[in-house]
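Please walk me through this structure in the viewer, one selection at a time. I would like to know what to pick next and what is found there.

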Amino acid sequence: MTMKTVLWTKYGSPDGLIPGEKEIPEPGDRDILIKIAAASVSAGDCEFRRLELPLGLSFPMRLYAGWRKPERLQVLGQEFAGEVVATGKDVSNYKPGDPVFGTTGMGFGAYSEYIRLPSEPGDAQGILSIKPDNLTFEEAAVLPTAGMEAIHYLRKASLAEGQNVLIIGAGGSIGTLVLQLAKSRGASVTAVDSPDKLKMLRQLGADLVIDYNLEDYTQRDERFDLIIDVVGRKSVLKKMRLLKKQGNYFLAYAGIKDLFLSLFFKLFTGKRLRIESAGQSREEMDELTELAAGGVLKPQIDRVFPLDKAAEAHRYAESGSKKGNIVLKVAD
Ligand SMILES: NC(=O)c1ccc[n+]([C@@H]2O[C@H](COP(=O)([O-])OP(=O)(O)OC[C@H]3O[C@@H](n4cnc5c(N)ncnc54)[C@H](OP(=O)(O)O)[C@@H]3O)[C@@H](O)[C@H]2O)c1
């Protein structure tokens, strides 16, 4: 039996994402088979597709996925929501009919009608939970990675009531969730992004919104307890001056030189430039599921594309117009 999928045929442009067919995988004794309802198209997916990865990871990724083209990883997609349709004989934690959401880990493959995953994934094999009832499949599909990232940052910074947070790139996947989480903890939030995202950021509770095209916010007098910068790439030094002494600055997309910068700040100032990511731990996924079920985190969906329009979805994700998240609808 075959399923519809989107084949990842080359590194670079979205044109290499081509609708196709593959065999539906058979679950092994400890696996589950999930019928995917929705998958996310994240900034991370686009970076893998282009093979433009942080911290010099493009080279190991080529070794892993294929040197000239991604021949060992034929299907992109790292996050999904769907329904369990079959389980192996040794699986006891899921049963057919369970609505689930999660990540695929380094196996990718969420741009497909079905995915086979271990019922108890190990490191880099992704993570899975039962989908909260109050989330649609589309909402649940875009939540796991950015949500765990948001939880990780705020937990590591021990964000307390009354502290102030600056989010640079607040209108994207991570930013919109960090904003909601920081507000739920009683923090004051300044959100920076492009103009068409500012209304959404105000609605999500931002105390102050800044259009980065209009204002050089690095010249502001205010100093922050926590800075979440999902843009990075340049002028991290200039932005570090906005951090209070003993404050934490998390950089979601870092280059090699940022590692040296981080060491410099650690040795010579009280400020911390932190380059780290959520480990996709059971604990963080459980906290995320609970926060979403409690209505604290509500994923923001901009557009939904059908599975066979994955290339178009990638183009839109990279257009600079995306507010929150993009979804591939795989099934009803
Ligand atoms: N999503 C995850 O789970 C995850 C996990 C770990 C690491 N990361 C990394 O974190 C980065 C961001 O992830 P994301 O998913 O949140 O990306 P995203 O959804 O694309 O959001 C990035 C936001 O930053 C805005 N932006 C661009 N340039 C800016 C500037 N100079 N100043 C302020 N805002 C600016 C973008 O808006 P405009 O384009 O309109 O300017 C966009 O709204 C990616 O590189 C990703 O690899 C992501």
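## Start at the ligand

Select Lys197 and the ligand together: a polar side-chain atom of Lys197 sits 2.7 Å from an oxygen atom of the ligand. Keep in mind throughout that this is a predicted model. Now add Tyr212, where a polar side-chain atom lies 2.5 Å from a ligand oxygen. Ser173 makes its approach through the backbone, with a polar backbone atom 2.9 Å from an oxygen atom of the ligand.

Show the ligand as a surface next. Taken alone, the ligand exposes 890 Å², and the protein buries 81% of that.

## Widen to the shell

Extend the selection to the residues around the ligand, of which there are 23. Which of these come nearest? They are Glu47, Lys197, Tyr212, Gly320 and Lys322. Colour the shell by class and you should find ten nonpolar, eight polar and five charged residues.

Colour by element instead, and look for those that give two or more residues to the shell: α1 (43-50), α4 (144-156), α5 (173-184) and β9 (188-193). Which element gives the most? That is α4, with three residues.

Then colour by domain. The shell draws at least three residues from domain 1 (2-143 + 299-329), and at least three from domain 2 (146-274).

## Strand β9 and its neighbour

Stay with β9, which gives two or more residues to the shell around the ligand. Is β9 largely enclosed or open? Five of its six residues are buried, so β9 is largely enclosed by the rest of the structure.

Add strand β8 (residues 164-168), which runs parallel to β9 and is joined to it by five bridges. To find one position in this pairing, select Val165 and its bridge partner in β9, Val189. When you show side chains here, a general point helps: in a regular strand they alternate between the two faces of the sheet.

## Strand β15, between two partners

Move to strand β15 (residues 325-329). This strand is mostly covered, with four of its five residues buried.

Select β3 (residues 31-41) along with β15: the two run antiparallel and four bridges join them. Ala38 is one position to label, since its bridge partner in β15 is Lys329.

Now select β14 (residues 301-306). β14 runs parallel to β15, and five bridges join the two strands. Here the residues to label are Val304 and its bridge partner in β15, Val327.

## Two loop residues with positive phi

As a general background, most residues other than glycine have a negative phi. The next two stops have a positive one.

Go to Leu51, in the loop between α1 and α2 (58-65). Phi of Leu51 is near 60 degrees. Is Leu51 buried or exposed? Leu51 has a relative accessible area of 9%, which is under the 20% cut-off, so it counts as buried.

Then select Ser158, in the loop between α4 and β8. Phi of Ser158 is near 45 degrees, again positive in a residue other than glycine. Ser158 has a relative accessibility of 56%, which is over 50%, so it counts as exposed.

## Three distances to draw

Finish with the distance tool, set from C-alpha to C-alpha.

Select Pro132 in the loop between β7 (127-130) and α3 (137-141). Pro132 is buried, at 7% relative accessibility. Draw a line from Pro132 to Ile32: the two are 100 residues apart in sequence and 19 Å apart in space.

Next, go to Pro121, in the loop between β6 (114-118) and β7. Pro121 is partly exposed, with a relative accessible area of 29%. Its line to Val330 spans 23 Å, with the two positions 209 residues apart in sequence numbering.

Last, select Asp225 in strand β11 (residues 224-229). Asp225 counts as buried, at 17% relative accessibility. How far apart are the C-alpha atoms of Asp225 and Leu117? They are separated by 40 Å, and the two residues are 108 apart along the chain.

Conventions:
Residues are numbered from 1 along each chain as its sequence is written. This is a predicted model: local features need pLDDT of at least 70, side-chain atom pairs count only at pLDDT 80 or more; totals for chains, interfaces and linings use all residues. Side-chain values use heavy atoms; hydrogens and water are left out. A residue is near a molecule or strand if one of its heavy atoms lies within 4 Å of it. A polar contact is a pair of N or O atoms within 3.5 Å; within protein, one must be able to donate a hydrogen and the other to accept it, and residues adjacent in sequence count only if both atoms are side-chain atoms. Accessible areas come from the Shrake-Rupley method with a 1.4 Å probe; for residues, only the protein chains shown count as cover. Ala, Val, Leu, Ile, Met, Phe, Trp, Tyr, Cys and Pro count as nonpolar, Asp, Glu, Lys and Arg as charged, and the others, Gly among them, as polar. Domain bounds come from an automatic or database domain assignment. Buried means under 20% relative accessible area, exposed over 50%, partly exposed in between (1.4 Å probe, protein chains only). Two strands pair if DSSP finds at least two bridges between them.
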